[in-house]
Amino acid sequence: MGAPYHPSTNGQAERYVQTFKQKLKALKCPKSDFNMEISNILLTYRKMLHPSTGQSPSTLMFGRQIRSRIDLMLPKNEPKSTNDIAVRLFKDGDRVRVRGFLSRDKWKSGKIVEEAGKLRYLVRLDDGRVWERQIDHISGVGAHLREELVNTPRD
């Protein structure tokens with residue numbers, strides 16, 4: 001608590017008043033729009049992150065960030081739950097198509113030889129070569145393809 005009638009002892013409040021006065025001086029609008037512009041200034045100030053705390057005044061006061069119209073238009077960055085993620089699994093011997101990057105044929109046919117990692121498989125192509133591919137570059141063929149379509153969640 002500062003001394004009465006000595007505003008410089010409360011630096012944060014004084015800084016807020018100084019910022020608000022600067023914004024008002026820069027404001028060039030008709031009197032009919034004055035209240036709306038003041039509301040926009042206050043919203044922007046309350047939403048802005050403070051450099052020393054790393055949080056906005058609204059977060060410090062209410063425990064959450066206030067939302068503006070632009071926030072309503074932006075997509076939410078909520079993490080997907082594991083139920084929403086389609087996981088494709090292949091077993092040894094499954095018939096697959098594998099993405100080739102060096103030849104004109106974009107897809108080569110083959111069979112899964114083994115799982116090389118969490119999302120990687122070794123595939124023996126029909127011509128005998130063995131390729132290691134990430135699951136995004138493997139497509140199921142035949143019965144496995146039907147299982148993929150059944151297990152994939154719909155939007």
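A residue counts as buried when its relative accessible area is under 20%, as exposed when that area is over 50%, and as partly exposed in between. These terms are used below for a structure that is a predicted model. By this cut-off F90 is buried, because its relative accessible area is 6%. Y121 has a relative accessible area of 1%, so Y121 is buried too.

F90 and Y121 are also partners. Their rings form an aromatic pair with 5.5 Å from centre to centre and 85° between the planes, an edge-to-face arrangement. The pair links distant parts of the chain. F90 belongs to the loop between helix 4 (69–73) and strand 1 (95–99), whereas Y121 lies in strand 3 (residues 120–125), and 31 residues separate the two.

The number of aromatic pairs in the model is three. Another of them joins Y16 and Y45, whose ring centres are 4.8 Å apart; the planes meet at 65°, and the pair is therefore edge-to-face. This pair, too, links distant parts of the chain, with Y16 in helix 1 (residues 11–26) and Y45 in helix 2 (residues 34–47), 29 residues apart. Are Y16 and Y45 buried or exposed? Y16 has a relative accessibility of 29% and so counts as partly exposed. Y45, at 26%, is likewise partly exposed. F20 joins these two tyrosines, and Y16, F20 and Y45 make up one aromatic cluster.

One further ring has a charge as its neighbour. The ring of W107 has the charged end of R97 over it, at 4.9 Å from the ring centre.

Charged side chains come next. Side chains of opposite charge can pair when their charged atoms come close. In this model there are five salt bridges. One of them joins D71 to K47, with 2.6 Å between the closest N and O atoms. D71 is in helix 4 and K47 in helix 2, so this salt bridge links distant parts of the chain, 24 residues apart. With a relative accessible area of 27%, D71 is partly exposed.

A second salt bridge connects the strands. The side chains of E132 and R120 meet at 2.1 Å, N to O. Because E132 lies in strand 4 (residues 130–134) and R120 in strand 3, the salt bridge ties together parts of the chain that are 12 residues apart in sequence. Both ends are partly exposed: E132 has a relative accessible area of 39%, and R120 has one of 36%.

Another salt bridge is formed by K108 and D105, whose closest N and O atoms are 3.8 Å apart. Which of the two is buried, and which is partly exposed? K108 has a relative accessibility of 18% and therefore counts as buried. D105, at 47%, counts as partly exposed.

How far the coordinates can be read depends on the confidence of the prediction. The protein chain has an average pLDDT of 81, and 80% of the residues score at least 70. Over residues 146–150, however, pLDDT stays under 50. For this stretch the model has four contacts beyond four places in sequence. Where pLDDT is low, the predicted coordinates should not be read in detail.

How values were computed: Residues numbered from 1 in each chain as written. Heavy atoms only, no water. Phe/Tyr/Trp six-rings, centres within 6.5 Å; stacked < 30°, edge-to-face > 60°. Helix = DSSP H or I, 4+ residues; strand = E, 2+ residues; numbered from the N terminus. Buried < 20%, exposed > 50% of the residue type's maximum accessible area, 1.4 Å probe, protein only. Lys NZ or Arg CZ within 6 Å of the ring centre and 35° of its normal. pLDDT = per-residue confidence, 0-100. Contact = heavy atoms within 4.5 Å. Salt bridge = Lys/Arg side-chain N within 4 Å of Asp/Glu carboxyl O.
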